[in-house]
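Visitor: Please show me the structure, and then take me through some of its sheets and helix contacts.

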Amino acid sequence: MSDAFQLEHTDSGSSARAGVLTTAHGQIQTPIFMPVGTAATVKGVPADILRDPIGAQIILSNTYHLMLRPGEDIIAAAGGIHAFMQWDRPVLTDSGGYQVYSLSKMRKITEDGVSFQSHIDGASYRLRPEDAIRVQQDIGADIIMAFDECTPYPCDRAYAEKSMRLTHQWLDRCCAWFADHGPRHGYEQILSPIVQGSTFADLRTVSAEYIAGKEMPINAIGGLSVGEPHDEMYAMTDVVCRILPADRPRYLMGVGTPENLLECIALSVDMFDCVLPSRNARHGLLYTRSGVINIKNEKWKRDFSPLDPDSPGWGGIYSRAYVRHLVLSGEMLGGMICSVHNLAFYLELVREARHHILQNTFSAWKRDVSKSLSVRL
């Protein structure tokens, strides 16, 4: 599907782009943010709410978690992840590489693959590049990610280079398996390689050139947002985006705050995912155009105004006092309201970014919006 992406417009004041990505389960208007549904669910948010009012066009789920529970065979027997979770729009699955990275005390990496212990019951597993692709094909995602090693931060250059070379070797094996084994559920799937190289510009350049040479429909940037300063993340993203082909979408994995999204959209990134909006929501941190609200604060106890009057989600319905009460009481509805609000905020933000890119007003709009996003209310 080399023609899966149509680039519509590039902002004249930056490198921000608007486009349309076509998948087997629908089109995705970019730039786009993908809510994270690790275990075939965005925590506390049913599929119909993801569609409206949140407006999610695509969600991300995770190979590592799904292969452990319930198992890819169960999802395949259900007809794939879309039927399993009653979601009729596109799904992207992470290969599990990041989760393996996070299990540093429970795994062993070799050229063949990764041996690890389940965080659920301690059972032993082995995941090779071929296994990662097969499992994602069984799960039935529209976009599947190549198996990679995510380097930590900080990371010395020798290790970063060794890890990058291993990621490239694994990519070759992922591509070979993908080419030789058709999709399990009768619709086309897209394979995306991942650029690595830590925060070393020369390694990022080598990796981006290698990934570009695979001529895949999507290219991803991994190994960032793992603790490095934001300026370094932006610098590495810029290096990579100047190399990756302009006629394919760029996916920056695991990023980030609203400010991160706007900065990286300006660098020509098209796709994002992050647990931040839903995870912070469960702790009572809410994003608004005026700044970030900690709804647990005493100052909101008698505030009966809407959570966020500009919210495209539920923030315009429920009062700050009521949501504070729910969150402090540990009521599930509190976390659900906050999650719906934050995810709707993120999706509205990228929709507005797209509008302003198409209108050629993105840069001025970004300057105005960015001033208030990080304010603490």
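Guide: Contact here means heavy atoms within 4.5 Å. Helices (H or I, at least four residues) and strands (E, at least two) are DSSP runs, numbered from the N terminus. This is a predicted model, in which local features need pLDDT of at least 70 and side-chain atom pairs count only at pLDDT 80 or more, while totals for chains, interfaces and linings use all residues. Residues are numbered from 1 along each chain as its sequence is written, and side-chain values use heavy atoms, with hydrogens and water left out.

Visitor: Which residues in α13 do Y322, V323, L326 and V327 in α12 meet?
Guide: Helix α12 covers residues 320-329 and helix α13 covers residues 332-359. The contact residues of this pair divide into 7 nonpolar, 1 polar and no charged (Ala, Val, Leu, Ile, Met, Phe, Trp, Tyr, Cys and Pro count as nonpolar, Asp, Glu, Lys and Arg as charged, and the others, Gly among them, as polar). On the α13 side, the residues met are L333, G334, I337 and C338.

Visitor: Why is α12 oblique to α13?
Guide: Axes are lines fitted to C-alpha atoms, for helices over the stretch in contact, and angles run from 0 to 180 degrees between N-to-C directions. Angles under 35 degrees count as roughly parallel, over 145 as roughly antiparallel, 65 to 115 as roughly perpendicular and the rest as oblique. The axes of α12 and α13 are 7 Å apart, and the packing angle is about 125°. That angle makes the pair oblique.

Visitor: What span does α13 reach from its first C-alpha to its last?
Guide: The expected span of a helix is 1.5 Å times one less than its number of residues. For the 28 residues of α13 the expected value is 40 Å, and the span reached is close to that, at 41 Å.

Visitor: Which residue follows α13, with a positive phi?
Guide: The phi angle in question is near 65°. The residue after α13 is N360.

Visitor: How do α10 and α14 run, roughly parallel or roughly antiparallel?
Guide: Helix α10 (residues 258-266) and helix α14 (residues 362-373) have axes 10 Å apart and pack at about 160°. Their contact has 8 nonpolar, 1 polar and 3 charged residues. The angle makes α10 and α14 roughly antiparallel.

Visitor: Which strands are at the edges of the sheet β7-β8-β9?
Guide: Two strands pair if DSSP finds at least two bridges between them. This open sheet of 3 strands has antiparallel pairing. Each edge strand pairs on one side only, and these are β7 (107-109) and β9 (124-127).

Visitor: Which residue in the turn between β8 and β9 has a positive phi?
Guide: Strand β8 (residues 114-117) is joined to β9 by 4 bridges, with V114 opposite L127 and Q117 opposite S124. The two strands form a hairpin with 6 residues between them. The turn residue with a positive phi, of about 80°, is G122.

Visitor: Which helix packs on the sheet β5-β6-β10-β11?
Guide: This open sheet has 4 strands with parallel pairing, and its neighbouring strands are turned by 25° against each other on average, direction ignored. β5 and β6 (residues 91-94) pair over 4 bridges, where L60 stands opposite L92. A helix of residues 129-139 touches β6, β10 (143-145) and β11, and its direction makes about 160° with that of β10. That helix is α6.
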